[in-house]
Amino acid sequence: MSKQDFASRLMSWQASHGRHDLPWQHSRDPYRVWLSEIMLQQTQVDTVMPYYGRFLARFPTLADLAAAPQEDVLALWSGLGYYARARNLHKAAQVVMEEHGGIFPRTAAAIAALPGIGRSTAAAIAAFCFDERAAILDGNVKRVLCRAFGIEGFPGSRAVEQTLWALATELLPERDPGRYIQAQMDLGATVCTRSKPACTRCPLAADCVARRDGRCAELPTPRPRKAVPRRQADVVVVRAGNAVLVEQRPPAGIWGGLLALPEAGAGGAAAWTAQRFGSAAPAAASLPALTHAFTHFVLEIRPWLVDLRAPATLAGDGTLRWLALDTVDAAALPAPVRTILKSLPRSAG
């Protein structure tokens, strides 16, 4: 399959069968395109759609995003996961305002220098908004290339990724890079899917190596399997009337910058509660545990409920605060914490 044939087949297919009604597709505003690309990383389109709309309603311009408190940004991102994306989005907006005079960079190289924007995302933004001829290599494109050309080996390994980058660059058409990139994305998302690809609807089917050899289930080569570590954490749900105690997480790391439930630590919930509220504090009652999968491990969260008569004065480093339970939906909380708080049993008082 020639370079020109590959691109022309894809773009012709996309014109008739691709996606044309996504809210970010008909904009050349780099802020809107960038936001969609970041939200779509490791997240399905159907999940992203409502978040995208709410985010733009609250922060309609890059300047609005840059000026916002990080906690407000994280609150709107809450439930979408991979929170480093939101922190980097906020930081990058501030960099654009401070170092680029509020003007979004116009080249893939300059865009990739912003926090949280990799080579592929930068190329997509530059192609969609500024017609730069630049290759992308997201998960959809890797899958299409591995199957169409029979490329073996885990695509995340350095050697295979370099091969794929070289091929993606070689296949770039001379004109209309944005439409070509959209065609790649659409084919991978709707036809050349991870499981049960619709090969009979694929414009590349006649020359696809994986289809010819019956290897669509094998390619791309999956990541080498490793045992997923499991961790446990006891968290303390201190409730006082309509308020619950939450803790501001450090800016980096798991749930960075979000509000979470305090971890009990090695001494357990009883010791944690006694240390902060005295030995007369009510005993902690166990709540149903739940698990939450991160990229590299699975966390078992074991909540312990402590009911106080009234919110107590908090001493310490200022990371603890009282949060009204009727504001849980709007607060910058990780999804499992919101689940715990929304399923609390009725207070005995």
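What covers the buried residues of H9? Start with the ground rules: this is a predicted model, where local features need pLDDT of at least 70 and side-chain atom pairs count only at pLDDT 80 or more, while totals for chains, interfaces and linings use all residues. Residues are numbered from 1 along each chain as its sequence is written, and side-chain values use heavy atoms, with hydrogens and water left out.

**Exercise 1: work out the surroundings of H9.**

Step 1. Find the helix: H9 spans residues 139–149. The labels come from DSSP runs numbered from the N terminus, with helices (H or I) of at least four residues and strands (E) of at least two.

Step 2. Check burial. 9 of the 11 residues of H9 are buried, which leaves the helix mostly covered. Here buried is under 20% relative accessible area, exposed is over 50%, and partly exposed is in between, using a 1.4 Å probe and protein chains only.

Step 3. List them: Asn140, Val141, Lys142, Arg143, Val144, Leu145, Cys146, Arg147 and Ala148.

Step 4. Look for the cover. It includes helix H1 (3–17), helix H10 (158–170), H11 and H12.

Step 5. Zoom in on Ala189, which lies in helix H11 (residues 177–190). Setting aside neighbours within four places in sequence, Ala189 is in contact with Arg19 and Asn140, where contact means heavy atoms within 4.5 Å. Arg143 is 46 residues from Ala189 in sequence, yet 9.9 Å from it in space, C-alpha to C-alpha. Ala189 itself is partly exposed, at 33% relative accessible area.

**Exercise 2: describe how H5 packs against H3 and H6.**

Step 1. Take the pair H3 (residues 45–58) and H5 (residues 70–77): their axes come within 9 Å and cross at roughly 155°. For these values, axes are lines fitted to C-alpha atoms, for helices over the stretch in contact, with angles running from 0 to 180 degrees between N-to-C directions.

Step 2. Name the arrangement. Under 35 degrees is roughly parallel, over 145 roughly antiparallel, 65 to 115 roughly perpendicular, and the rest oblique. H3 and H5 are therefore roughly antiparallel.

Step 3. Give the hand: H3 and H5 make a right-handed crossing (the near helix is turned clockwise from the far one by less than a right angle; anticlockwise would be left-handed).

Step 4. Name the players. H3 brings Tyr51, Arg54, Phe55 and Arg58, and H5 brings Asp72, Val73, Leu76 and Trp77. The H3–H5 contact splits into 5 nonpolar, no polar and 3 charged residues (Ala, Val, Leu, Ile, Met, Phe, Trp, Tyr, Cys and Pro count as nonpolar; Asp, Glu, Lys and Arg as charged; the others, Gly among them, as polar).

Step 5. Repeat for H6. H5 and H6 pack at about 140°, their axes 10 Å apart, which makes H5 oblique to H6. The crossing of H5 and H6 is right-handed. Gln70, Val73, Leu74 and Trp77 of H5 meet Arg85, Ala86, Arg87, Leu89 and His90 of H6. The class count for H5 with H6 is 5 nonpolar, 2 polar and 2 charged.

Step 6. Finish with burial. Val73, Leu74, Ala75 and Trp77 are the buried residues of H5, and their cover includes H2, H3, helix H4 (62–67) and helix H6 (84–99).

**Exercise 3: find the centre of the largest nonpolar core.**

Step 1. A nonpolar core is a set of buried Ala, Val, Leu, Ile, Met, Phe, Trp, Tyr and Cys residues joined through side-chain atoms within 4.5 Å.

Step 2. The largest core has 104 residues, and Trp34, Phe55 and Trp77 touch the most other members. Helix H8 (residues 119–130) gives the most to this core, with 9 residues.

Step 3. Another core lies apart from that one; it has 12 residues, among them Leu245, Phe277, Ala281 and Leu320.

Step 4. Go back to Phe55: beyond four places in sequence, its contacts include Tyr31, Leu35, Met39, Leu65, Val73, Leu76, Trp77 and Leu89.

**Exercise 4: collect the unusual backbone spots.**

Step 1. Gln42 has phi near 60°, a positive value in a non-glycine residue. Gln42 sits in the loop between helix H2 (30–39) and H3 and is exposed at 62%.

Step 2. Trp255, also not glycine, has a positive phi near 55°. Its loop runs between strand E2 (243–248) and strand E3 (259–260), and Trp255 is buried at 11%.

Step 3. Gly79, just after H5, has a positive phi of about 100°.

Step 4. Leu219 and Pro220 are joined by a cis peptide bond with omega about -5°. Pro220 is in the loop between helix H12 (209–212) and strand E1 (230–240).

Terms used: A crossing is left-handed if the near helix is turned anticlockwise from the far one by less than a right angle, and right-handed if clockwise.
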